[in-house]
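Thanks for coming, everyone. I'll walk you through one protein today. Please have a look at the screen.

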Amino acid sequence: MDVALIPPMLVSSGFLPSGSFLESLIHICNDICSMEKLPFLQVRNISTMIRRIKLLSSLFEEIQETDGPLPPSSILCLTELFSVIRRAKSLIRECKDCSSLWGLMQMELVSNQFYVLVKELGRALDILPVRLLNITADIREQIELLHRQAKRAELFIDLKEVKIREELLVLMGSNNERNKKNKGFVELGKVKDVLSSIGLRSSMDYEEEISKLEAEAQKQAGSGGLIVVCNISNLISLVSYCKSMVFVDNDFEATNKEEFKLLGSTPSNRYYDHSSSSQSIIANIPDEFRCPISLDLMRDPVIVASGHTYDRNSIAQWINSGHQTCPKSGQKLIHMALIPNYALKSLLHQWCEENNVPEIGSSQSSSSDLERSNSKRDSCENAVDHISVVKAAVDAVKLTAEFLVGKLATGSPDIQRQAAYELRLLAKTGMDNRRIIAEAGAIPFLVTLLRSHEPRIQENAVTALLNLSIFNNNKILIMAAGAIDNIIDVLESGNTMEARENAAAAIFSLSMIDDCKVSIGKRPRAIPALVGLLIEGTPAGKKDAAVALFNLAVCPANKVSLVVAGAVPMLIDLLMDDKAGITDDALAVLALLLGCSEGCEEIGKSRILVPILIDLLRFGSPKGKENSITLLLGLCKDGGEEVARRLLMNPRSIPSLQSLVSDGSLKARRKADALLRLLNRCCFQSQNQMTV
């Protein structure tokens, strides 16, 4: 059994001796430190992570050598460290095994994963009792230094890699311009230099990269990421073309020339037999330029949902015949859209020019044949290439979200502010937008920006998270990103009142999920901060705070916390605040707090509440009347004769209750009837006592 794979849960459960656990830690650390042939990308993040793990390995070895009992808190810390180190190993291995070009495109996301691991390492070391461990002074100083460094570590994105990616994107962009002008592909040497800088230097490297990109395309196709699949397919086309042009076998070329001399042919016409009526291709077309269906040279390459590329006419005929699967992979197509593969089309144009192969529309067939061919192709396009307006809009959002997330990760404060603002607006409407933005990796970066000292950045970040949280799946992602503590910080002491109020609204949205209610309620600062906003906020902010408190009060464990935080007197005061306009929300929270003894006791202390509730029975909204009668009935049951006497002494109470019995909602009528019976019984008992 590989000890490095022992789950940390075994340790915390007491099933694994500390000695065996330390062996597991040392073993997994040695696995990471002995890794060979590290990737060309994320060099600093990987090397820094390995250096930190080496320091931890020294600590583990020294603890093992002492062979003494460990404090309980150290076992917990070691368990957390095991989890972090294991995930670091998986991340480094993924960087090694994945496509270099795709890793370059995803550098912000990968860098953030390293950043998250370092922060988790710092939190694990928070509970390590260094002073209680029997270790040397040198190791203690190294671990304390490591702890400080991890706590103040910042997200690192290598500017050299950013520059390499920009150069590659510029080359691909300029290629499109050159293709429009029929100038062929960009200078091959520049592309070769860029690919060489990320480790693609031999024919074998290129082949491995193509295989990795194809695997990534299939992986992304399963989730329906059309733009992503198109981008990967363009990268595959680029690498395939460069491989075919850079690594040319000179001997093979020489042999071909001799064969053509023997046949009486010239190199310029070796690809087509012009004497043939069909102009069939006879030799030496690179495989990546052949359509997988017809095996002929592609004229109009398009990408299907699976990520594979076909000639438009061939795949259109396949789909029109009733097939709904990819011919090459057999995978079911999640949509029938055909996306032009502009990168491959440009490479085809370049290849055809260099080898004197006739371009599209330049064949020697008659004009009528050409018209019929074009008409047939147009009919295929109309039948298949039917990307709807909605789908086009979704793809535009994906592209926009990926661009903005990149700006959040690497931009200056001004650019981050603008990007956060754009994401805030984009997430304001449409569940698809919210899902796409989260899939683009925006949430971790927005969470980080909550700690910004720049007011607008913080405000835009918290509002963007609020808008994203409306989509239920995003609630889980936001909580998993550790956002709640940062949101509470903004709620307590945000740079602007709008930021504080939107933080309260975000807590309300997140607390729609039961598990989140518990998690938020356990934060000792969350509920007091919401109560504080009831005092300081604008009318809109007070409402946000009130509805958030209502959601939290649904969880029984949180009710006492609301009472302790002083929510009851504040909510009663708000019942009389016409400007606040949150009477119904305040009543709803008070009605929930009546369900715990502490809440009932605190509500019963108020001398002004009963008259207010009687007035609300007459003039309140239907929901307000329901909550008012709920409170009065609960107070009478708990406070007994005193509250009943105060009700009987008020001349408006009985008429209001009778009116509610006849005109109120079903719930209000039932409770009003119960309260009238209770008051009648109380009155009867009082009369009997007076008679006696």
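Here is my opening question: how many of the 11 residues of helix 29, residues 583-593, are buried? Keep in mind that this is a predicted model. The count is 9 of the 11, so helix 29 is largely enclosed by the rest of the structure. Among the buried ones are Thr583, Asp585 and Ala586. Leu587, Val589 and Leu593 are on that list too.

Now step back to the whole chain. The protein has 35 helices and 3 strands. There are 692 residues, and 49% of them count as buried. The exposed area comes to about 33500 Å², with carbon and sulfur atoms supplying 53% of that area. Next, contacts. Take those with a separation of 6 or more: 71% of them are between residues 24 or more positions apart.

Let's go to the strands. In what order do the 3 strands sit in their sheet? The order is 2-1-3, the sheet is open, and the pairing is antiparallel. Strand 2, at 309-311, and strand 3, at 339-340, are the edges. Each has a single partner strand, so one side of each is left without a neighbour in the sheet. Helix 13, residues 312-320, packs on this sheet. Helix 13 touches strand 1, strand 2 and strand 3. Its direction makes about 95 degrees with that of strand 2. Look also at strand 1, residues 301-303: 2 bridges join it to strand 3. One detail there: Ile303 has Ile339 in strand 3 as its bridge partner.

On to charges. As general background, side chains of opposite charge can pair when their charged atoms come close. This structure holds 22 salt bridges. I'll show you three pairs and a network.

Pair one is Arg312 with Asp300, at 2.8 Å from N to O. Arg312 belongs to helix 13, while Asp300 sits in the loop between helix 12 (250-263) and strand 1. They are 12 residues apart, and the pair links distant parts of the chain. Are these two buried or exposed? The cut-off for buried is under 20% relative accessible area. Arg312 has 4% relative accessibility, so Arg312 counts as buried. Asp300 has 10%, so Asp300 is buried as well.

Pair two is Asp514 with Lys517, at 3.3 Å from N to O. Both lie in helix 24, residues 514-522. They are 3 residues apart, about one turn of the helix. Here the two partners split. Asp514 is exposed, at 54%, whereas Lys517 is buried, at 7%.

Pair three is Asp673 with Arg677. Their closest N and O atoms are 2.3 Å apart. Why are these two about one helical turn apart? Because they are 4 residues apart in helix 35, residues 666-691. In general, an α-helix has 3.6 residues a turn, so residues three or four places apart point the same way. Both partners count as partly exposed: Asp673 has 32% relative accessibility, and Arg677 has 48%.

Last stop, the network. Which residues are linked in it? Arg424, Arg456, Glu459 and Glu498 are joined by salt bridges.

To recap: helix 29 is largely enclosed, helix 13 packs on the sheet, and Arg312 of helix 13 pairs with Asp300. Thanks, that's my tour.

Note on methods: Residues are numbered from 1 along each chain as its sequence is written. This is a predicted model: local features need pLDDT of at least 70, side-chain atom pairs count only at pLDDT 80 or more; totals for chains, interfaces and linings use all residues. Side-chain values use heavy atoms; hydrogens and water are left out. Two strands pair if DSSP finds at least two bridges between them. Contact means heavy atoms within 4.5 Å. Axes are lines fitted to C-alpha atoms, for helices over the stretch in contact, and angles run from 0 to 180 degrees between N-to-C directions. Buried means under 20% relative accessible area, exposed over 50%, partly exposed in between (1.4 Å probe, protein chains only). Accessible areas come from the Shrake-Rupley method with a 1.4 Å probe; for residues, only the protein chains shown count as cover. A salt bridge is a side-chain nitrogen of Lys or Arg within 4 Å of a carboxyl oxygen of Asp or Glu.
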